[in-house]
Amino acid sequence: MSRMERDSLAGGIETSGKGELLKVAMPKGRIYKQASKLFREAGLPIPSDFDDTRKLIIELPEAGMSFIMAKPVDVPTYVEYGVADIGIVGKDVLMEENKDVYELLDLGIAKCRMSVIGLPDWKPIINPRVATKYPNVASQYFRELGQQVEVIKLNGSIELAPLIGLADRIVDMVETGQTLRENGLVEMESIFGITSRLIANRVSYRMKNEAIQSLCDKLQQTIAAGAGK
Ligand code: PRP
């Protein structure tokens with residue numbers, strides 16, 4: 001049996017035909033569960049022991065892929081530098097990081113939105129401050145509105161900022177709305193919708209086009225069939 005036949009039986013991706021693996025930057029955390037489910041439904045056999053591993057590089061030769069288990073915010077950097085050929089990343093991170101990568105496919109998973117959030121009794125103030133994990137997104141949003149705000153970068157638990165008087169509003173991701181409800185905050189405006197995207201390095205997209213396109217097609221068919229949800 002040829003390597004191509006073997007790979008196709010295993011649901012794998014033929015890369016260059018020389019045994020070179022397609023390097024995939026896979027985000028750990030909230031996106032991983034849905035992304036791995038989508039890959040499995042597309043016939044790409046990600047073993048279940050991937051789910052809890054602390055290993056950072058996992059090779060899956062039978063699928064023609066090697067996974068880099070990445071912090072989500074670093075995925076576009078790995079792909080831009082070509083240490084990963086492709087990656088999975090939320091539109092929030094893509095907008096914030098603004099890296100030179102191809103956005104190939106909307107995977108339709110990890111749906112949420114980017115919003116402006118505040119206390120229910122919020123009123124415009126002089127010298128407003130906005131706390132966020134997304135300073136570029138927030139700055140651009142308020143610039144386009146012609147509003148001057150001071151943007152304060154935080155790294156997590158952003159909802160604390162209006163509660164403790166660090167900022168009068170925040171720009172953050174809302175998924176179920178539970179964090180807002182439990183902290184007495186309200187969504188004032190939704191800025192854009194977020195889903196996870198498949199991205200590719202520009203050179204890899206040319207050099208490993210067949211492999212990347214084949215993966216894209218499999219994922220696209222799976223998404224169209226309503227899987228991955
Ligand atoms: C994100 C986001 C919100 C929360 C929204 O935080 O920053 O805090 O999830 O989800 P919800 O609408 O379902 O409540 P994350 O869990 O990534 O942790 P963080 O505090 O480190 O940002």
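Reader: In strand 10, which residue is the bridge partner of Arg 113?

Author: A bridge links a residue in one strand to a residue in another. In this predicted model, Arg 113 is bridged to Gly 193 of strand 10. That bridge belongs to a longer pairing: strand 6 (residues 112-118) and strand 10 pair in the antiparallel sense, over 7 bridges.

Reader: What is the order of the strands in the open sheet?

Author: The order is read across the sheet, not along the chain. Here it is 8-7-9-6-10, an open sheet of 5 strands with mixed pairing. Strand 8 (150-153) and strand 10 (186-194) are at the edges; each has a single partner strand, so one side of each lacks a neighbour in the sheet. From one strand to the next, the twist averages 25 degrees.

Reader: Which helix lies across strand 6, strand 7, strand 8, strand 9 and strand 10?

Author: Helix 5 (residues 135-145) does, and it runs at about 170 degrees to strand 8.

Reader: Is Asp 172 buried or exposed?

Author: Relative accessibility decides this, with buried meaning under 20%. Asp 172 has 6%, so it counts as buried. The residue lies in strand 9 (residues 169-174).

Reader: Which residues is Asp 172 in contact with, leaving aside its neighbours within four places in sequence?

Author: They are Arg 113, Met 114, Ser 115, Ile 117, Lys 133, Tyr 134, Ile 158 and Glu 159. For Ile 117, 55 residues away along the chain, the C-alpha separation from Asp 172 is 7.3 Å.

Reader: In the largest nonpolar core, which residues touch the most other members?

Author: Phe 39, Phe 67 and Leu 219 do, in a core of 31 residues. A second, separate core has 13 residues, including Met 114 and Val 171.

Notes. Residues numbered from 1 in each chain as written. Predicted model: local features only at pLDDT ≥ 70, side-chain atom pairs only at ≥ 80, totals over all residues. Heavy atoms only, no water. Helix = DSSP H or I, 4+ residues; strand = E, 2+ residues; numbered from the N terminus. Buried < 20%, exposed > 50% of the residue type's maximum accessible area, 1.4 Å probe, protein only. Contact = heavy atoms within 4.5 Å. Core = buried A, V, L, I, M, F, W, Y, C linked by side-chain atoms within 4.5 Å. Pairing = 2+ DSSP bridges. Axes fitted to C-alpha atoms, helices over the stretch in contact; angles between N-to-C directions.
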